[in-house]
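Biologist: I have the sequence and the fold open on my screen, and I would love a close look at one part of it. Could you walk me through the empty space inside, and then through the strands and helices that make up the rest of the picture?

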Amino acid sequence: MTHKIVLLDNTAPAQADRLRTLLPTGFELSHATARGEEHLKASIRDADFAISAQVAVTGDILRAGSRLKLLHKWGVGIDNLDVDAARELNIKVARTTGSNAIPVAEFTIGLMLATLRFQSLAHERLRQGQWTAFNELPGDTFCISGRTIGIVGFGAIGQTVARLLKGFDCTILYNKRDRLASTREKELGVTFAPMPELLASADIVSLHCPLTPATSNLIDAEALSCMKSTSVLINVARGGVVNEDDLALALRNNVIRGAAMDVYSIEPLPGHSKLLGLDNIVLTPHLASATADTFEPTVRRMFDNIARVSRGEPLPPDDQVV
């Protein structure tokens, strides 16, 4: 018997072929070739297992997959999956917790550097033939070294960012729902801070929290007004954590100095987004977790979880959502 897996994200044929080289025996892989709910319904219809990286998987899509046993997230954040519908339909949900911590953390620090030094703007101007002296940039540039970093959300990714920042001699504040034990705080060299204190103190506010009702629009006009005028905001968490219209207005009016975004409330980012065209923002298209280094280990982990379910075995507790 052959088990069918479908990757619901629109995938290039070469990438799909690379995935097929890692398939366990007895499995075959298909993939979406377009965007849109109707295409996804057709793609999932005869699948036993489905994988989603960034594409939204609604209850209607899941109901079209009458044979579906498991929906697997390629990554960590599950806000793009209708978990309640999966539970109702008795479909297991899993994710690869911690698998992208290092690539996302490194990408975060890259965005910090790019934002503090106007690297993206300078690069784009030079491509257009314009040599920009330091005194022609929109504002002063700063080092990370010695700065106060506020990390919002302090799971595997946030803690990895803190660890990597140790070499920059930063003061690191963090905020999360459940405070760490004091021994762990000491080990990581971090200090817990309530959100108002973190926003007011940090030179860089870096977001690493999941998107939940409690964190939706967490960074809005009021929160931005609490930040230093010289501070920057980094978002590699989820787009809905930041009110993008409020952020665009704050950047335009120099309420904060700059920002970097890798995630957006609507993806792909619409051409009418108010974030486009600003000189003091770095924009990347949800790339933070994508590295060749973590590709094979993450895929093998997903396929192993799928094989477990096909044999009627339990999922690892850290990976199981439903």
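Modeller: Happy to! Sorted by class, the lining of the largest cavity has 6 nonpolar, 5 polar and 2 charged residues. Please keep in mind that this is a predicted model. The volume of the largest cavity comes to about 70 Å³, and a search of the whole structure turns up 1 cavity of 30 Å³ or more. If you want to find the spot on your screen, go to T115, F118, D279, N280 and I281: of the 13 lining residues, these are the closest to the centre of the largest cavity.

Which elements supply the lining of the largest cavity with two or more residues? They are α5 (101–116), α6 (119–127), β11 (258–261) and β12 (281–283). The top contributor is α6, with 3 residues.

Two of those elements lead us straight into a sheet. Both β11 and β12 belong to an open sheet of 7 strands, ordered β8-β7-β6-β9-β10-β11-β12, with parallel pairing. In this sheet β12 is an edge strand, as is β8 (190–192), and each of them pairs on one side only. Ignoring direction, neighbouring strands here are turned by 20 degrees against each other on average.

Further along that order, strand β6 (residues 148–152) and strand β7 (residues 171–175) run parallel and are joined by 5 bridges. To see one of the partnerships, look at I149, whose bridge partner in β7 is I172. Lying across β6, β7 and β8 is helix α7 (residues 156–165), which runs at about 165 degrees to β6.

Now for the other sheet. It is open too, and its 5 strands follow the order β2-β1-β3-β4-β5 with parallel pairing. At its edges stand β2 (27–31) and β5 (92–94); each has a single partner strand, so one side of each is left without a neighbour in the sheet. From one strand to the next, the twist averages 20 degrees.

Strand β1 (residues 3–7) runs parallel to β2, and 5 bridges join the two. Here you can pick out H3, which has F27 as its bridge partner in β2. Across β1 and β2 lies helix α1 (residues 13–20), running at about 165 degrees to β2.

Note on methods. Residues are numbered from 1 along each chain as its sequence is written. This is a predicted model: local features need pLDDT of at least 70, side-chain atom pairs count only at pLDDT 80 or more; totals for chains, interfaces and linings use all residues. Side-chain values use heavy atoms; hydrogens and water are left out. On a 1 Å grid over the protein atoms alone, a cavity is a set of points where a 1.4 Å probe fits but cannot get out, and a pocket is an open set with protein on both sides within 12 Å along at least five of seven lines; lining residues have an atom within 4 Å of a point. Grid points are joined across faces, edges and corners, and a volume is the space filled by probe spheres set on the points. Helices (H or I, at least four residues) and strands (E, at least two) are DSSP runs, numbered from the N terminus. Ala, Val, Leu, Ile, Met, Phe, Trp, Tyr, Cys and Pro count as nonpolar, Asp, Glu, Lys and Arg as charged, and the others, Gly among them, as polar. Two strands pair if DSSP finds at least two bridges between them. Axes are lines fitted to C-alpha atoms, for helices over the stretch in contact, and angles run from 0 to 180 degrees between N-to-C directions. Contact means heavy atoms within 4.5 Å.
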